[in-house]
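Subject: Structure handover

Hi,

Here is the structure for you to take over. My notes on it follow below.

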Amino acid sequence: MTIMNLQNNKKMKTTTIILDHNQINQKIIRIAYQIYEANSSEKEVVIAGIQGNGIYFAEQLATSLEQISSLKIILCEVYIDKKNPLNAITTSIKNSEYKNKPIVLVDDVLNSGTTLMYGIKYFLDVPLKRFKTAVLVNRNHKKYPVKADFKGISLSTSIKEHVEVVFDKKNSKAFLM
């Protein structure tokens with residue numbers, strides 16, 4: 001499905017829906033199963049969502065994990081200034097709550113890898129049992145050697161294209177613009 005948008009400069013730009021609401025829900029369930037499989041011998045796992053769409057995606061994964069497993073899910077919001085990732089990074093929980101535990105760092109789109117790289121760096125100051133990453137959309141234009149361990153969809157896009165995810169309880173979508 002393609003939608004045409006009129007931009008400020010009067011040029012037409014094509015927007016394509018790459019994942020609809022049902023597909024996003026299917027990806028969330030599949031990723032939840034993969035996280036459970038990777039942590040099946042654990043009692044608990046920390047799901048750390050990057051503020052904004054990352055925490056929303058993390059909450060959806062946590063809900064699915066609670067439905068399919070006996071894992072105790074510790075939800076954590078990670079506050080990163082995406083425009084200035086060198087600014088202080090903080091989380092909604094104390095580092096003692098994730099020390100020596102498995103963590104999955106979650107964001108909606110892996111684009112350049114900058115946000116995940118700085119998120120990973122933050123968590124490396126504390127000893128962890130295991131560290132994985134999860135994204136809904138994995139683009140192949142990374143500046144850093146960061147990979148998504150769990151991903152909903154991988155896209156090969158041009159550098160000029162942009163991926164945006166809109167989460168809504170009844171009508172979530174992922175767009176390629």
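I start with a local detail: the side chains of Ser112 and Thr114 are joined by a polar contact of 2.9 Å. Please keep in mind that this is a predicted model.

Ser112 and its surroundings

Ser112 sits in the loop between β6 and α3 (114-123). Beyond its neighbours within four places in sequence, Ser112 is in contact with His141, Lys142, Lys143 and Tyr144. Pro145 belongs to the loop between β7 and β8. Along the chain, Pro145 and Ser112 are 33 residues apart, and 9.5 Å separates their C-alpha atoms. Is Pro145 buried or exposed? Its relative accessible area is 80%, over the 50% cut-off, so Pro145 counts as exposed.

Helix α3

The partner in that polar contact, Thr114, is one of the buried residues of α3. The others on that list are Thr115, Leu116, Tyr118, Gly119, Ile120 and Phe123. That makes 7 buried residues out of 10, and α3 is mostly covered. What do these buried residues pack against? They pack against β3, β4, β5, β6 and β7.

The sheet

The sheet is open and has 6 strands. Their order is β5-β4-β3-β6-β7-β8, and the pairing is mixed. β5 and β8 (150-155) are the edge strands, and each of them pairs on one side only. Strand β7 (residues 130-139) runs parallel to β6, and 8 bridges join the two. Within that pairing, Pro102 has Arg130 of β7 as its bridge partner. Helix α1 (residues 21-38) packs on the sheet and touches β3, β6, β7 and β8. The direction of α1 makes about 135° with that of β8.

Salt bridges

How many salt bridges does a search of the whole structure find? The search finds 6. In general terms, side chains of opposite charge can pair when their charged atoms come close.

Glu44 takes part in two of the pairs described here:

- Glu44 with Lys72: the closest N and O atoms are 3.9 Å apart. Glu44 is in strand β3 (residues 44-50) and Lys72 is in strand β4 (residues 72-79), so to speak distant parts of the chain, 28 residues apart.
- Glu44 with Lys101: the closest N and O atoms are 3.2 Å apart. Lys101 is in the loop between β5 (90-91) and β6 (102-110), and this pair also links distant parts of the chain, 57 residues apart. Glu44 and Lys101 are both buried.

Another pair is Asp149 with Lys147, with the closest N and O atoms 2.8 Å apart. Why does Asp149 count as partly exposed? Its relative accessibility is 25%, and the partly exposed class runs between 20% and 50%, so Asp149 falls inside it. Lys147 has a relative accessible area of 56% and is therefore exposed.

There is also a network of salt bridges, which links Glu42, Lys129 and Arg130. Arg130 thus appears in two places: in this network, and as the bridge partner of Pro102.

Best wishes

Terms used:
Residues are numbered from 1 along each chain as its sequence is written. This is a predicted model: local features need pLDDT of at least 70, side-chain atom pairs count only at pLDDT 80 or more; totals for chains, interfaces and linings use all residues. Side-chain values use heavy atoms; hydrogens and water are left out. A salt bridge is a side-chain nitrogen of Lys or Arg within 4 Å of a carboxyl oxygen of Asp or Glu. Helices (H or I, at least four residues) and strands (E, at least two) are DSSP runs, numbered from the N terminus. Buried means under 20% relative accessible area, exposed over 50%, partly exposed in between (1.4 Å probe, protein chains only). A polar contact is a pair of N or O atoms within 3.5 Å; within protein, one must be able to donate a hydrogen and the other to accept it, and residues adjacent in sequence count only if both atoms are side-chain atoms. Contact means heavy atoms within 4.5 Å. Two strands pair if DSSP finds at least two bridges between them. Axes are lines fitted to C-alpha atoms, for helices over the stretch in contact, and angles run from 0 to 180 degrees between N-to-C directions.
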